[in-house]
Amino acid sequence: MTPEQFLEFARVLPEPLLLVSGEGQLLATNQPVADMLGLRRQELRGKMLFELVTQSTDDVVKYLQVCSCSRAMVIGSLTLRKNDGQMLICRSQGAVIQPWSPESSALIILRLENRTLASSNFVLLNQKIDELAKEVQRRKQAEEALLKANQELEIRVEERTTALQETLKELQLTQTQLIQAEKMSSLGQMVAGIAHEINNPVSFIHGNLHHAHKYTHDLLKLVQIYQQVCPNTLEIQQKLEEIDLDFLIQDLTKLFQSMKVGTERIQEIVKSLRNFSRLDEAEFKKVNIHEGIDSALMILEHRLQARHDYPEIKVIKKYSQLPNVTCYPGQLNQVFMNILANAIDALEASVSNSEITDNQKLIRNNLQIQIKTEVIDDKWVTVSIADNGLGISEQLRSKVFDPFFTTKPVGKGTGLGLSVSYQIIVGKHDGQLSCFSVPGKGAEFVIKIPVNSGS
């Protein structure tokens, strides 16, 4: 209770009331006290209780200490000096008010009664003080209950908010993965369609090249016989010199060989495209994962070749003898494509980076991607794809598999490639996908996949 609250309380009571501190300082009084002493209330402000009584200071301090330590009403006797010099013996009733904080000093209410009036008013004051104490206790309990309810509500709101955020994040990721899957499906259909359309005419050309070469060889043989049998006329001689028959015979053979190599190359590309799309292999089946890696490399070959901005990227294959792995072939090929494309991006970034050391400048002229496959045991195989680029810092490495996280500029990276790859390896194949890197020394992604997944 503050002095102001005490005065509001004391105004409605006819009894003389004092509000004193534990040290005896008068904090507030009501008008009946001033009337009892024959003084104005302003004259009592700031005085000490010791100045108004005849008792010794020690006795008054002891009494106030007892009031400060007791929860019950403490009865005492005080002899007051009135303004006219007379003495007024009063019975005092002291009650401590619980302070607002442990650091606050105790506030004591003293009720003064002329002994002649003490018996009639004692019971009434006790009742009012008891009611006041009960009201204070009820308010304290209500405040504690309200505080507890607020805390519980805040905890529930926080838990609900966290759950909603997680749900929203999962929905966004699921939506993105569905869009990505639909894109890959559309891409696979398009690739398969293009591969089919290219394969037919290429097969026709490749199949006829053998016959065209044979026919041309027969015709050239016939020309040689005509040269031997027929007279070597001036007109024929001029034509032979004009067309340079000897060169034509040699170069024609080379042309047919070159066309044969070209058509075989197109057939290999078509095979890689069809192998990469794997539209007919949506379910688990045993495949040679080396074929999937090679098909991804074939599709990315144009990015591996030297350009005016970038040197050639060499691919070093260290393939072991792997068993066929039961997997989703199309999805696993997508993982190889994502990781290889990221490795190429990292190597291109290392060439473009102007803040590199002299040692790294030497490395950028010898860009490499090393692909290594191993058999761990009869249950597991690993595929390691490493580059010798600038590497990834520890802070970024912990986020590389997070959805939508990317270090690439806007418009070049979506932050989904490695996240989707992680879901495919871990979620779909019960495998492991890890990233190891030392800044300045490249990065390595290791795929650990079971030979026979339990999915």
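These are my notebook entries on a predicted model, with the contact between helices H10 and H13 as the main topic.

**Entry 1, the chain as a whole.** I began with the overall counts and found 13 helices and 12 strands in the protein chain. Of its 455 residues, 33% are buried. I then looked up the contacts with a sequence separation of 6 or more, and residues 24 or more positions apart account for 63% of them.

**Entry 2, helix H10.** I took H10 as residues 329–352 and checked its length, which comes to 35 Å from the first C-alpha to the last over 24 residues, close to the 34 Å expected at 1.5 Å a residue. I also looked up its burial, and the helix is mostly covered, with 18 of its 24 residues buried.

**Entry 3, helix H13.** I ran the check on length for H13, residues 417–428, where the end C-alpha atoms are 15 Å apart and the 12 residues should span 16 Å at 1.5 Å a residue, so the two values agree. The buried residues I noted in H13 are Leu 418, Ser 419, Val 420, Ser 421, Ile 424 and Ile 425.

**Entry 4, how H10 and H13 meet.** I asked at what angle the axes of H10 and H13 cross. The crossing is at roughly 145°, and the axes come within 9 Å; its hand is left. On the H10 side I listed Gln 331, Leu 332, Gln 334, Val 335, Asn 338, Ile 339 and Asn 342, and these meet Gly 417, Leu 418, Val 420, Ser 421, Ile 424, Ile 425 and Lys 428 on the H13 side. I sorted the residues of this contact by type and obtained seven nonpolar, six polar and one charged. As a reminder on spacing, I wrote down that an α-helix has 3.6 residues a turn, so residues three or four places apart point the same way.

**Entry 5, the loop after H13.** I followed the chain into the loop between H13 and strand S11 (432–437), where His 429 has its place. Is His 429 buried or exposed? Its relative accessible area is 0%, and it is therefore buried, the cut-off being under 20%. A polar atom of the His 429 side chain lies 3.0 Å from the backbone nitrogen of Tyr 328. Asp 430 is found in the loop between H13 and S11 as well, but here I read a relative accessible area of 40%, so I entered Asp 430 as partly exposed. Just after H13, Asp 430 takes a positive phi of about 55°, and I marked this value because most residues other than glycine have a negative phi.

**Entry 6, Glu 348.** I returned to helix H10, where Glu 348 is found, and looked up its accessibility. With a relative accessible area of 8%, Glu 348 is buried. Which side chain does that of Glu 348 join in a polar contact of 3.2 Å? The partner is the side chain of Arg 303. I also noted the pair Glu 348 and Pro 311, which are 37 residues apart in sequence and 9.0 Å apart in space, C-alpha to C-alpha.

**Entry 7, Thr 373.** In strand S9, residues 368–375, I looked up Thr 373, which counts as buried because its relative accessibility is 0%. Its side chain and that of His 290 are joined by a polar contact of 3.0 Å. Leaving out residues up to four places away in sequence, I found Thr 373 touching His 290, Ile 293, Lys 318, Tyr 319, Ser 320, Leu 322, Thr 382 and Val 383.

**Entry 8, Val 315 and Leu 132.** Val 315 lies in strand S7, residues 314–318, and is partly exposed, with a relative accessible area of 27%. Beyond residues up to four places away in sequence, Val 315 touches Leu 297, Leu 304, Ile 369 and Ile 371. Between Val 315 and Glu 301, 14 residues apart in sequence, the C-alpha distance is 10.0 Å. Last, I looked up Leu 132 in helix H5, residues 115–229; at 25% relative accessibility, Leu 132 counts as partly exposed. Leu 132 and Ile 97 are 35 residues apart in sequence, and I recorded 9.8 Å between their C-alpha atoms.

Terms used. Residues are numbered from 1 along each chain as its sequence is written. This is a predicted model: local features need pLDDT of at least 70, side-chain atom pairs count only at pLDDT 80 or more; totals for chains, interfaces and linings use all residues. Side-chain values use heavy atoms; hydrogens and water are left out. Axes are lines fitted to C-alpha atoms, for helices over the stretch in contact, and angles run from 0 to 180 degrees between N-to-C directions. A crossing is left-handed if the near helix is turned anticlockwise from the far one by less than a right angle, and right-handed if clockwise. Contact means heavy atoms within 4.5 Å. Ala, Val, Leu, Ile, Met, Phe, Trp, Tyr, Cys and Pro count as nonpolar, Asp, Glu, Lys and Arg as charged, and the others, Gly among them, as polar. The expected span of a helix is 1.5 Å times one less than its number of residues. Buried means under 20% relative accessible area, exposed over 50%, partly exposed in between (1.4 Å probe, protein chains only). A polar contact is a pair of N or O atoms within 3.5 Å; within protein, one must be able to donate a hydrogen and the other to accept it, and residues adjacent in sequence count only if both atoms are side-chain atoms.
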